[in-house]
There are 2 protein chains.
Amino acid sequence: MNEMTKARTYSISDLAREFDITTRTIRFYEEAGMLEPERNGQTRIYSDEDRVKLKLILRGKRLGFSLAESRELIEMYDPTSDNAKQLHALRAKIQQSRVALEQQLADIQVMQNELDAAEERCQEALRELES
Amino acid sequence: MNEMTKARTYSISDLAREFDITTRTIRFYEEAGMLEPERNGQTRIYSDEDRVKLKLILRGKRLGFSLAESRELIEMYDPTSDNAKQLHALRAKIQQSRVALEQQLADIQVMQNELDAAEERCQEALRELES
DNA sequence: AGTTACCTTTACGTTAACGTCAACTTGAGC
DNA sequence: GCTCAAGTTGACGTTAACGTAAAGGTAACT
């Protein structure tokens, strides 16, 4: 942390507002071991790093991941791995995630096509009503 | 249904095996009003149409949709809409789905980039161990 | 000193999406 | 006629991811 890194901090309700979630949710993620904010007395103080983790969790949610899955993904980001076994396990997980994401990509593309078709039918039905 | 349409049927465990889910799950989807198989006495008999619906539900699950959301998506497929108001509501839903899907697409692409970076770091760490 | 606005912990409640028995029926094969 | 696999209907249990209320602390205005 040199003099250039701003080292911003956030209160729990700052983050709650920004991401449109409740403070309860944020505390719940901490209970689940996914966040470990500093404390000023009792009060939680969140860093930019905490904020990024929260973003990752919420992105995971949007993609339908459980908290456990999101935690695994987040753990991929720290290079704390010290032995080769861990690293190979990590690569396996990364590969797994890739496969899952490509399945999702395929699902989304199929679905987009189907939405196109659905809208076609919808417009067609509207044209009939007007005629 | 002309003489060319095969009109295959499936037992509950046929579908359970094919999609790797339990029969309880399939009955649950019926309770939730998402499937209405024929009956032979007590026994449920599933058509190709039921099978397609099940596929849609499961794809929805992979994309993180709730059953309620999947149901809405499925309802987009039948052109039972009779008045313009319904049709406009349908188009709104289709548009909503599109937005959600594009958010997911963006999330996935960001995530894929991050996985690339994570794998890079992982391989780098492995190279260091070997040196 | 009182009110307001946040923050805290503790703890019980809720909803979705099934899991897991238990007790029964039903058709196929021996 | 017996067994056995596969089906059925309840009905209660479970887990994840929070919601919600109770009871209280703290710092800043007024």
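User: What makes the pair formed by Arg24(B) and DNA strand C a polar contact?

Analyst: In this predicted model, a polar side-chain atom of Arg24(B) lies 3.1 Å from a base oxygen of DNA strand C. The cut-off for a pair of N or O atoms is 3.5 Å, so a separation of 3.1 Å qualifies as a polar contact.

User: Which atoms of DNA strand C do Arg39(A) and Thr25(B) approach, and how do you know that these are polar contacts too?

Analyst: Both approach a phosphate oxygen: a polar side-chain atom of Arg39(A) is 3.1 Å from one, and a polar side-chain atom of Thr25(B) is 3.2 Å from one. Each value is within 3.5 Å, and therefore each pair counts as a polar contact.

User: What makes a residue part of the surface near DNA strand C, and how many residues are there?

Analyst: A residue belongs there if one of its heavy atoms lies within 4 Å of the strand, and 17 residues surround DNA strand C, the closest being Ser13(A), Arg27(A), Arg44(A), Thr22(B) and Tyr29(B). Of the strand atoms that come within 4 Å of the protein, 73% belong to sugar or phosphate, with the rest belonging to bases. By residue class, this surface divides into four nonpolar, seven polar and six charged residues.

User: Which element gives the most to the surface near DNA strand C?

Analyst: That element is H2(B), with four residues. At least two residues each come from helix H1 (12-19), H2 and strand E3 (43-47) of chain A, together with H2 of chain B.

User: Which residues are closest to DNA strand D, and what are the polar contacts there?

Analyst: Among the 17 residues that surround DNA strand D, the closest are Thr22(A), Tyr29(A), Ser13(B), Arg27(B) and Arg44(B). Sugar and phosphate make up 73% of the atoms of this strand that come within 4 Å of the protein. Among the contacts, a polar side-chain atom of Thr22(A) lies 2.7 Å from a phosphate oxygen of DNA strand D, and a side-chain N or O atom of Arg27(B) lies 2.6 Å from a phosphate oxygen of that strand. For Leu67(A), the atom concerned is a backbone N or O, 2.9 Å from a phosphate oxygen of DNA strand D. Set against the limit of 3.5 Å, the three values therefore make these pairs polar contacts. The element that gives the most to the surface near DNA strand D is H2(A), with four residues.

User: Why is Tyr29(B) called buried?

Analyst: Tyr29(B), which lies in helix H2 of chain B, has a relative accessibility of 4%, and because the limit for a buried residue is under 20%, it counts as buried. The accessible area is computed on protein chains only. Beyond four places in sequence, Tyr29(B) touches Met34(B), Leu35(B), Leu54(B), Ile57(B), Leu58(B), Lys61(B) and Leu67(B). Of these, Leu67(B) is 38 residues from Tyr29(B) in sequence, with the C-alpha atoms 8.3 Å apart in space.

User: Is Glu30(B) buried or exposed, and what makes it so?

Analyst: Glu30(B), also found in helix H2 of chain B, has a relative accessible area of 19%, and because this is under 20% the residue is classed as buried. Leaving aside neighbours within four places in sequence, Glu30(B) is in contact with Leu35(B), Pro37(B), Arg39(B), Arg44(B) and Tyr46(B).

User: Why is Asp20(A) called exposed, and what is its phi?

Analyst: Its relative accessibility is 69%, and because exposed means over 50%, Asp20(A) counts as exposed. Asp20(A) lies in the loop between H1 and H2 of chain A, and its phi is near 55 degrees, a positive value in a residue other than glycine.

User: How do you know that a two-fold axis relates chain A and chain B?

Analyst: Chain A can be laid on chain B with an RMSD of 0.1 Å by a turn of 180 degrees and a shift of 0.0 Å along the axis. That is the relation of a two-fold axis. In chain A, the C-alpha nearest the axis is that of Gly64(A), at 1.9 Å.

User: Why is it said that the copies meet through the same surface?

Analyst: Of the interface residues of chain A, 100% are also interface residues in chain B, so the two copies meet through the same surface.

Key: Residues are numbered from 1 along each chain as its sequence is written. Chains are lettered from A and ligands numbered from 1 in the order in which they are written. This is a predicted model: local features need pLDDT of at least 70, side-chain atom pairs count only at pLDDT 80 or more; totals for chains, interfaces and linings use all residues. Side-chain values use heavy atoms; hydrogens and water are left out. A polar contact is a pair of N or O atoms within 3.5 Å; within protein, one must be able to donate a hydrogen and the other to accept it, and residues adjacent in sequence count only if both atoms are side-chain atoms. Copies are superposed by least squares on the C-alpha atoms of residues with pLDDT of at least 70 in both. Contact means heavy atoms within 4.5 Å. Buried means under 20% relative accessible area, exposed over 50%, partly exposed in between (1.4 Å probe, protein chains only). Ala, Val, Leu, Ile, Met, Phe, Trp, Tyr, Cys and Pro count as nonpolar, Asp, Glu, Lys and Arg as charged, and the others, Gly among them, as polar.
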